[in-house]
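Thank you all for coming. I would like to walk through one protein slowly, and I suggest keeping the structure in view while I talk.

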Amino acid sequence: MKNIKLFRPLLAAVVMSLPFGSGAYAGIINVPADESTIQAAIVAAGIGDEIVVAQGTYFENIDFLGKAITVRSTDPINPAVVALTIIDAGNSGRGVTLSNGESSNTIFDGFTVRNGAETNGGGIHCQNTSPTISNCVFSGNSATIGGGGMYNSIGATPLITNCSFTNNTANNGGGMFNSQSQPTVINCKFTTNVSAFGGGGMFNSDSSPDVVGCTFLANSANGAIGVVAGGGGMLNINLAGQDSNPTVTRCEFLANVAVLNGGGMLNHIGSNPLVTGCVFNGNMAGGNGGGMINTFESLTFPGMNSSVTNCVFNRNFAGISGGGMFIEPLALATVTNCQFTGNTAVVEGGGIFCSVPTDFDVRVTNCTFYENTANVGGGMAIDGGALVTGSIFWNDSPDAVDILNGTSSVISSCVIQGALPVSSIGGGNIDADPKFVDAVGVDGIVGTLDDDLRLLPGSPCIDAGRNPQIRPDVSDVDDDGDVTEPIPLDLNGSPRFVDDPATMNTGFSMICSICSGGLLSKSDIGAFEYIPGDGDRDGDTDLTDYELFTYCLNGSDGGVSSECLAFDMNANGQVDLFDWRIFQIVFIDLP
């Protein structure tokens, strides 16, 4: 009993020290039931508490005060609830502030933040913090300098998932501005944001965000002059002595507009992005680089070297040069396994225009150019030294490749329609129909989702590539941690090194431990590797293909229907027992 008597006054003292209110004991504070405002609930909350906000419009500016707490709506994954749980800053100050060392245990989840207005970060501002921000909508916010929707600055490393940035405005970075910060942005949407100068959707200054699975749709950059003018979807630049090296993976840049340069993306001074598995479709630039521009205009900072791998550039437009992509002097770039279709430039380089020194700063490998147009160099125009290997140029207008001003480039092991410029050097190029599966698709329109530029049996591109020229897998497209191996996957995600037993190897091989069909398997020319016997075109040869082959072999038409083209493996116009023998070899050997 003595110990109990001693314990009771201590317990009473602890209880008396706690704040009163139902949320204090349960760890949950309800707004407005327990506290009338969100900010009042934050002030009252302790470490680990959860603030649950009922649907309604809350006219306030909130600050997390450095607390490791959760502030959420009643159902953050329900868009209807998010749309009706609103923080409205009334165009007077910022909507949300996180600038007191908040960690990943500080969670903001399931709100619509609107009508924030501030110098930087009208909707939300993160500085030197690492909060978790999920399932939020930032709409109709503004900033007089940067980050209408969101501003991340000086050491901020927030995790931002499943958020939307819509109709926000700023001088730079209409949707988001990142300054000396490294946010992780996953599955977010940047739609119809506007910047007066650069970075309509996102502006990265001295920052290296990880951007994954995001959509940049109909954002605009209205600047007409200056180094920060352009980049309708995204602008990357070194402004304060730190490179901007974003990693952009599986993102879509759709119908973004730049008055000057870089409709989809502008990579400027000191920017070294890794862009992998992205789609650039329908972007427009009044100047150069409808889809993307890599540019360098100052010797104050180091140059930049972008890596663009397994990307699609469709139906982009440039008012001057580089409908799909524009690459300027000292802006190094490697472009691998990419598709350029239906891009347009008014002057030169419908697919790509590059103006670089003669030491091959631009390397284009295993790409496919189809139906691109320009006044000069429909597929590609080169003013300087580029190394182009293992690529297809077909139906580009008025010509496939144009080399300007008598300069020299190396163009080798390519399929090129028409005559190759005499000023180029290289070898192994051919002028023969690459035999695409269906280049324009059912709708008959180039550059739409039903286009299929994979190879049919009998294509001259099969086993005709140059393995040693395939670039290192710096983007780690197969997620195996090896960034030194040759890029192992094609644009379709299929193995890059696959031998076709029905085709004589004409390419240049090398010992390859990851090659199917032998250590000396040849890669194919173009963005897609031909997979023998892949009737359903899913990237492998499996039991489904076995069943399809049996159907085609027993077909009554005696010829090759559109569904059975893949099984005419010796390209003799019919599916027969000769094809069956080849299919058996493939079916047994392939993993």
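Let me begin with a detail and widen out from there: in which sense do strand 18 and strand 22 pair, and over how many bridges? Strand 18, residues 169–172, and strand 22, residues 194–198, run in the parallel sense, and three bridges join the two. If you would like a particular position to look at, take asparagine 172, whose bridge partner in strand 22 is glycine 198.

That pair belongs to a wider arrangement, an open sheet of nine strands with parallel pairing, and the order across the sheet is 10-14-18-22-26-30-34-38-42. At the edges stand strand 10, residues 117–120, and strand 42, residues 344–345, and because each has a single partner strand, one side of each is left without a neighbour in the sheet.

Before going further I should say plainly that this is a predicted model. The pLDDT averages 88 over the protein, and 88% of the residues score at least 70. There are stretches to treat with caution, however: over residues 1–26 the pLDDT is below 50, and this stretch has nine contacts in the model beyond near neighbours in sequence. Residues 509–520 also stay under 50, although here the model has 29 contacts beyond four places in sequence. Where pLDDT is low, the predicted coordinates should not be read in detail.

Now for the overall picture. The protein has 591 residues, of which 54% are buried, and its secondary structure comes to six helices and 53 strands. If we take the contacts with a separation of 6 or more, 71% of them are between residues 24 or more positions apart. The protein exposes about 22,100 Å², and 57% of that is supplied by carbon and sulfur atoms.

Let me turn to two individual strands, starting with strand 23, residues 202–205, which is covered on both faces: Met202 and Asn204 lie on one side, Phe203 and Ser205 on the other, and all of these are buried. In a regular strand the side chains alternate between the two faces of the sheet. Strand 23 pairs in the parallel sense with strand 19, residues 176–179, over four bridges, and in that pairing methionine 176 stands opposite methionine 202. Strand 23 also pairs with strand 27, residues 234–237, in the parallel sense and over four bridges, where phenylalanine 203 has leucine 235 as its bridge partner.

Further along the chain, strand 43, residues 352–355, has Ile352 and Cys354 pointing one way and Phe353 and Ser355 the other way, and all are buried. Strand 39, residues 325–327, pairs with strand 43 in the parallel sense over three bridges, with methionine 325 opposite isoleucine 352. Strand 43 also pairs with strand 46, residues 380–383, in the parallel sense over four bridges, and there serine 355 stands opposite aspartate 383.

One polar side chain deserves a closer look, namely asparagine 294 in strand 35, residues 292–294. Is asparagine 294 buried or exposed? Asparagine 294 is buried, because its relative accessible area of 0% falls under the 20% cut-off. Its side chain makes a polar contact, at 2.9 Å, with the side chain of serine 306.

Moving toward the end of the chain, glycine 458 sits in the loop between strand 53, residues 452–455, and helix 5, residues 543–553. With a relative accessible area of 35%, glycine 458 is partly exposed. Leaving aside neighbours within four places in sequence, glycine 458 is in contact with Lys435 and Ala571; lysine 435 is 23 residues away along the chain, and the C-alpha atoms of these two residues are separated by 7.7 Å.

That loop leads us to helix 5, where Asp545, Phe549 and Cys552 are buried. Seen down the axis of helix 5, the buried residues fall within an arc of 65 degrees, so they line one face of the helix. An α-helix has 3.6 residues a turn, so residues three or four places apart point the same way. The face of helix 5 turned away from the buried side carries the exposed residues Leu543, Glu547 and Tyr551. Finally, aspartate 542 caps the N-terminal end of helix 5, with a side-chain oxygen 3.2 Å from the backbone nitrogen of threonine 544.

Technical notes:
Residues are numbered from 1 along each chain as its sequence is written. This is a predicted model: local features need pLDDT of at least 70, side-chain atom pairs count only at pLDDT 80 or more; totals for chains, interfaces and linings use all residues. Side-chain values use heavy atoms; hydrogens and water are left out. Buried means under 20% relative accessible area, exposed over 50%, partly exposed in between (1.4 Å probe, protein chains only). Contact means heavy atoms within 4.5 Å. Accessible areas come from the Shrake-Rupley method with a 1.4 Å probe; for residues, only the protein chains shown count as cover. Two strands pair if DSSP finds at least two bridges between them. A polar contact is a pair of N or O atoms within 3.5 Å; within protein, one must be able to donate a hydrogen and the other to accept it, and residues adjacent in sequence count only if both atoms are side-chain atoms. pLDDT is the predictor's confidence in each residue, from 0 to 100. The arc is that of the directions from the helix axis to the C-beta atoms.
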